[in-house]
Amino acid sequence: MTNPTNPTDEPRGIAGHGAFFQPTNLSPEEAERATDWVRKRVDRRTVDLGERMDDVREHMWELEKEGEIIVHRVTDAHEPRMVKTLFGWDKKIPTTRLWHHKSCGQCGNIPGYPTSLLWTMNGLGMAPGRDYLDETDQTSCTAWNYHGSGIGNVESLAAVFLRNFHQAYVSGKRLGHDAGYFFPLVHCGTSFGNYKEIRKYLIESAELRERVKKILAKLGRLVDGKIVIPEEVVHYSEWVHVMRKDIAAKLQKYDVSKMRVVVHMACHYSKMVHEDAIYDPEVLGGNRAATATGIAMALGAQVIDYSTWYDCCGFGFRHIISEREFTRSFTIDRKIKIAQVEAKADVMLTNDTGCVTTMDKNQWIGKAHEQQYSMPIMADIQFAALACGADPLKIVQLQWHASPCEDVVEKMGISWAESKKRFEEYLEQVKAGKIEYLYDPKLAMSMVA
């Protein structure tokens, strides 16, 4: 008789992971040896970088010369700042004329994440429609679906990538700008890592390019019959990093020198296509990925090291879907507990949607196991915005967070009670139809009905 939940009677793996995932049945000693590598120092000094690997951008220029693709360039008009990546390569980070590629997870779970970024840009005098554009004509990257469930394929990911980045390329036309005026700034670490992988596949595979061209042609998303590929794939935290001194000098309002800060570096930033991550000699001697840490240092916070800094937050895509208790245990045991016990941190900063969500939303599980560890979790740009005077509830929206953020706000010299009072008054104004915008809603609508 067949199992109604598994009619094929095929062998199951661990908690829905498939037959290829099987228990290892390791002894405690074997398990210790198998995982001991995570306790070793992992940074640029200790990693064998090996022989020089190919820079995919070199092949990208060749394809453009051959008439295969159009490269969306970072021009002088984007006022780029140069940074060094893991292998010492140069990377251009545009500082203006940016097209915001939003994050489904941020907008749905951590809305103060993108609003903190827009608030900071406004504070630096960047004008919507001229210096940046945040429009609705974009889609999710669909990478969580691909990595988390196995549904989807590289062709579909490539089509979404090219469709979104084509929109970035042409988005300025409706405002009277030339094509390429706005350059994409990717908010989500998952999207960032996915797009870097997909760009590499597209450049290396003529077959993938041809298959995806047919899809893009049907969507009207080719330029002169060619696909558009960006010169750089740029993450928002890279913009924050190159602007960190400007943010501190021009906007900082509160002294954070007494704040003990730990940083969790998102895997999708530093481990996926790792050769593209920023390693800045001014930050930790250039030995670890610099984003998030750089802005905390620029603001004057105490950045404290801890032994499991290299570990994943526990999200792991498929873990969060089918092995949620593993995710929750990992984030408590390997991240929150260690940062609290070793570093005695006031707050943990990170630079990815999934990391903030996982470590912020799952701390309650510790109570079920008598592990009373809790720690405020926020994005680097949320911490920066707070230090620069952004309202904790109206802009940074810490009321959406599950981890306790009141003490961090108070330690910065901001009254949580007064912030709450102001926010309640603001809500009454919203109910009365008096709505205040960070951004002109008309600029967001890219399609005319």
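**Exercise 1. Determine how accessible Cys 312 is, and explain why Cys 312 has no bond to the sulfur of Cys 267.**

Step 1. Cys 312 has a relative accessibility of 24% and therefore counts as partly exposed, where buried means under 20% relative accessible area, exposed means over 50%, and partly exposed lies in between (1.4 Å probe, protein chains only). This is a predicted model, in which local features need pLDDT of at least 70 and side-chain atom pairs count only at pLDDT 80 or more, while totals for chains, interfaces and linings use all residues. Residues are numbered from 1 along each chain as its sequence is written, and side-chain values use heavy atoms, with hydrogens and water left out.

Step 2. The closest cysteine sulfur to that of Cys 312 belongs to Cys 267 and lies 4.4 Å away, which is too far for a bond, given that a disulfide is a pair of cysteine sulfur atoms within 2.5 Å.

Step 3. By this rule the count comes to 0 disulfides. Cys 107 is likewise in no disulfide, since the nearest cysteine sulfur, that of Cys 104, is 8.2 Å away. Cys 107 is partly exposed, at a relative accessible area of 39%.

**Exercise 2. Work out which parts the salt bridge between Lys 102 and Asp 134 ties together.**

Step 1. A salt bridge is a side-chain nitrogen of Lys or Arg within 4 Å of a carboxyl oxygen of Asp or Glu, and by this rule the count comes to 30 salt bridges.

Step 2. One of them joins the side chains of Lys 102 and Asp 134, at 3.2 Å from N to O. Lys 102 lies in the loop between β4 and α3 (104-109), and Asp 134 in the loop between β5 and α5 (143-149), so the pair ties together parts that are 32 residues apart in sequence. Here helices (H or I, at least four residues) and strands (E, at least two) are DSSP runs, numbered from the N terminus.

Step 3. Lys 102 is partly exposed at 22% relative accessibility, whereas Asp 134 is buried at 9%.

Step 4. For another pair, take Glu 210 and Lys 213, whose side chains meet in a salt bridge of 3.6 Å, N to O. These two residues are 3 residues apart in helix α8 (residues 206-219), and are thus separated by about one helical turn. Glu 210 is partly exposed, with a relative accessible area of 40%, while Lys 213 is buried, with 16%.

**Exercise 3. Describe the order of the open sheet of 3 strands, and say which helices pack on this sheet.**

Step 1. The strands follow the order β5-β4-β6, with parallel pairing, where two strands pair if DSSP finds at least two bridges between them. At the edges stand β5 (132-133) and β6 (183-186), each with a single partner strand, so one side of each is left without a neighbour in the sheet.

Step 2. Strand β4 (residues 98-101) is joined to β6 by 4 bridges, and His 101 stands opposite Val 186 in β6.

Step 3. Helix α4 (residues 112-123) lies across β4, β5 and β6 and runs at about 165 degrees to β4. Helix α6 (residues 154-170) packs on the sheet too, touching β4 and β6, and its direction makes about 150 degrees with that of β4. Contact means heavy atoms within 4.5 Å, and axes are lines fitted to C-alpha atoms, for helices over the stretch in contact, with angles running from 0 to 180 degrees between N-to-C directions.
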